[in-house]
Amino acid sequence: MLKGKLKFIIAIGVIALTVSYLVYGGVKDTMVYYLTVEELMAQVPTVYDTKVRVSGVVVPGTIVKDTDGALEFKITDGSQTIDVAYDGIVPDIFADDVEAVVEGVYAKNDVFEADTLLAKCPTKYESTDSLYEEKESTY
Amino acid sequence: MVETGNISIFLALIISIYVLIASIYGAKARRRDLVRSAENGALAVCFLLIIATIALLHSLINLDFSLKYVALNTSTDLATIYRITSLWAGQAGSLLLWSLVLSAYTAIVVLQSRNKDRQLMPYVLATLATVSIFFIFVIAFIESPFEKLPFTPKEGRGLNPILQNIYMAIHPITLYIGYVGVTVPFAFGMGALLSGKLGDEWISYSRKWALFSWTFLAIGLLLGARWAYLELGWGGYWAWDPVENAAFMPWLAATAFIHSVMIQEKKGMLKKWNMSLIIITFFLAIFGTFITRSGIISSVHSFAQSDIGPLFLGFIAFILLFSFGMFLYRMKDLETENRFDSILSRESAFIFNNLLFLGAAFAVFLGTIFPILSEAVTGSKILVGSPYFNRVNVPIALVLIFLMGVGPLISWRKASLNNLVKNFLYPILLGILTVIVLLVLGMKDVKAIIAFALCAFVTGTVFTEFFRGTRVRMKRGENVVLAFTRLVSRNKRRYGGYIVHIGVVLIVIGVTASSVFVTEKQLTLNKGESMELRNYSLRFDGLSEYTTDAKNATIANITLFENGREIDIITPERNIYKYEGNREINQETEVALRSTYKDDLYVILSSYNTDGSATIRAMINPMVNWIWTGGLVLLLGAIITIWPSGTKSRQQAFVRYTVKEKDTTIKV
């Protein structure tokens, strides 16, 4: 039954190749560089109009909400700051000082036009710092 | 209570180590008394962890803020139910729960089979004990739920308001029950490898446990999706976030496993494959816990993070090396008893099903770890998001749905043309009819048309099976109802499985419709103005406010019209929490949802202004309800499949089955 076995190997090979092709094509067409603000600025002329994801902390007091719901704010990595424009669903935890992740295009007018906005809980979620602060204030 | 908890955990650790040593030594030296004491040890570990959990619950309910875990996860304004659910809101509590569930499973395994399979069982117990030792070690020394603070704060930090939701209360525990459940079939696999008893015992135990965990993973995933849909306010239920993928991957691998074990049971084939699959499934379950718990892959909702990453990685590496090492060592004993005869057979349909499920799991795995991988290889972090996952998984899913229709009806060994025509003619016609109807109705999305046609095809095959089975019984003089119920109750595994398939079909229909045909609109409205969305019209009647102890809520009052007729009043809210602790979230959107089987109207109050105007985002998500209903059907089918039945009736069903197979082959 060599013929039967060969058919199987071919069929399995076809599946494996198809899945690999899907993965390869999927990665190639949808991958997005994840940059810090500093890395983005370092690539400035070449990065224009390519889709990237950037994370940074929202600069307090820079969030401006338009009447039609559009949003403008600045994010920073401590040293450099960029302007972000966004129109879409705003996560509940989005606020001053929160780490925001934006995906979109850094346009030639130096405004990051985001089509996705995510907000992350501060990474030190299980930190006890806040409890200490409270203790100090109660004394 | 704190001391009680700590002491219980330490004792549980010591006894688990004893269980490991005693069961292995007892098996090697054929000392039944030692194995017996190991078994009793496992029961004691379960008892001790119950005490530890009760101790923590007691501290949570009574808000003992001197404990770090309590101070970080509760607050005085938290309702009792959510004080209880904070047990799994943080790292240490989740890990305690992991250990507790595992110890309970171990106890069940011991009680069910302490007098059976005496060669296999000690090694199963040893494997379970090893996993327990790891988790209890972590909660004893690294992430203790009973860690004290150097002072007692007056107020705790409280539970994130978006976690204060009934779905979020039950979703994590459902997932844990599934995740941890995967350990048991893995332990049976390892027990078989270690003891050399590679017969059918481990497969029959593993199958039941795998089905059980599979069901909980599936329901847990759906509950999580429902939570995200109701609470996160972005209008979707699945975002391919690493934390979601973490639970999805073991589910995919477990799905492959529960299908391929059938081939081993019935034909004695695929032994190596099944062993590898259960190792991979367990690896993915532990890896999932690791992703969720370590925060190594940035996710928007890993709520608890810490530095236990390296330890977990070490444990994962140990598991992989040890299990595949044992696998290679026993490889020669895992030879197949039968060969594949034809590519057109049920066996090969199952093989393809397995390859595709594993391919999907691999694709999701790769996508999930891609940022780490790319950073290690190229130095820059590259992400692949939802577009990647959809592109890869949608085609795989479509082929899998097709196979879901083919697998149950195609004959074993070699399908003849006769068999194919007899079984598939009507379902295929039903599929083609669906395509025609959808084209006539003006549907243009090719993938959606294919998905719906395949769903019709699968439904056709399942109904063929139910119809034929019932008709055969009716010929023996049973009435319809009796024939149908007996058909299902006497062949629980088979017909339960079909019901699960129908559940999956409903979910696929819901997912397809709601991801392809969304209508979305955002407008800022003044009082009295309306927005139109397909056949709905939303009239904004102004803002109002109300206050509770915990929050200030602002409501948009909206009157809803369908085709010009007033049907409902809906009230999306924005809440501002009064709590002045240190929570990350003090704002929350409360979605107004009007759900029917035709579509969901999903309305969010994006923002409101001082002049009384409001920005409203409204979406029509078609057929989302089908997903949740599908989940219930899936659960029903799974319960039927797992439901224990008397040995006698099962024997009967099996014999009949073989006879039927012979019939078809004779005709050929």
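How far apart do the C-alpha centres of domain 2 of chain B and domain 4 of chain B lie? I looked this up before anything else and found a separation of 38 Å between the two centres.

**Conventions.** I am working on a predicted model, in which local features need pLDDT of at least 70 and side-chain atom pairs count only at pLDDT 80 or more, while totals for chains, interfaces and linings use all residues. I number residues from 1 along each chain as its sequence is written, with chains lettered from A and ligands numbered from 1 in the order in which they are written.

**Domains of chain B.** I noted that the assignment, which is automatic or taken from a database, gives domain 1 (1–159), domain 2 (162–172 + 194–407), domain 3 (413–516 + 636–667) and domain 4 (519–624). I then looked at the contacts between domain 2 and domain 4 of chain B, and found four residues of domain 2 touching nine residues of domain 4, where contact requires C-beta atoms, placed from the backbone, within 7 Å. On the side of domain 2 of chain B that touches domain 4, I list two nonpolar, two polar and no charged residues; here Ala, Val, Leu, Ile, Met, Phe, Trp, Tyr, Cys and Pro count as nonpolar, Asp, Glu, Lys and Arg as charged, and the others, Gly among them, as polar.

**A helix pair in chain B.** I next examined helix α2 (residues 32–61) and helix α6 (residues 121–142) of chain B, whose axes come within 11 Å and cross at roughly 35°. For the record, helices are DSSP runs of H or I with at least four residues, strands are runs of E with at least two, and both are numbered from the N terminus; the axes are lines fitted to C-alpha atoms, for helices over the stretch in contact, with angles from 0 to 180 degrees between N-to-C directions. I recorded the crossing of α2(B) and α6(B) as left-handed, meaning that the near helix is turned anticlockwise from the far one by less than a right angle. From α2(B), B:Val35, B:Ala38, B:Glu39, B:Ala42 and B:Val45 meet B:Pro122, B:Leu125, B:Ala129 and B:Ser132 of α6(B). By class, this contact of α2(B) with α6(B) holds seven nonpolar, one polar and one charged residues.

**Strands of chain B.** I followed strand β3 (residues 530–533) into strand β4 (residues 536–547) of chain B, and found the two antiparallel and joined by four bridges, a pairing being accepted if DSSP finds at least two bridges. B:Leu533 stands opposite B:Tyr536, and in this hairpin, with two residues between the strands, B:Arg534 takes a positive phi near 45°. Going on from β4(B), I counted ten bridges to strand β5 (residues 551–562) of chain B, again in the antiparallel sense, with B:Arg539 partnered by B:Thr559 and three residues between the strands of the hairpin.

I also traced an open sheet of four strands in chain B, in the order β2-β11-β10-β9 and with antiparallel pairing. Its edge strands are β2 (519–525) and β9 (592–595) of chain B, each pairing on one side only, and the twist averages 15° from one strand to the next. At one edge, β9(B) is joined to strand β10 (residues 599–608) of chain B by four bridges, and B:Ala592 stands opposite B:Val603.

**Chain A.** What does the secondary structure of chain A come to? I found four helices and seven strands, running α-β-α-α-β-β-β-β-β-β-α from the N terminus on. Of the 139 residues in chain A, 27% are buried, by the criterion of 20 or more other C-beta atoms within 10 Å of a residue's own, the C-beta atoms being placed from the backbone. Strand β6 (residues 99–106) of chain A is mostly covered, with six of its eight residues buried. I find β6(A) paired antiparallel with strand β2 (residues 51–58) of chain A over seven bridges, where A:Val54 stands opposite A:Val102. Eight bridges join β6(A) to strand β7 (residues 111–120) of chain A, also antiparallel, with A:Ala100 opposite A:Ala119. The hairpin of β6(A) and β7(A) has four residues between the strands, and A:Asp110 in the turn shows a positive phi of about 60°.

Notes:
Two residues are in contact if their C-beta atoms, placed from the backbone, lie within 7 Å. A residue is buried if 20 or more other C-beta atoms lie within 10 Å of its own, exposed if 12 or fewer, and partly exposed in between; C-beta atoms are placed from the backbone.
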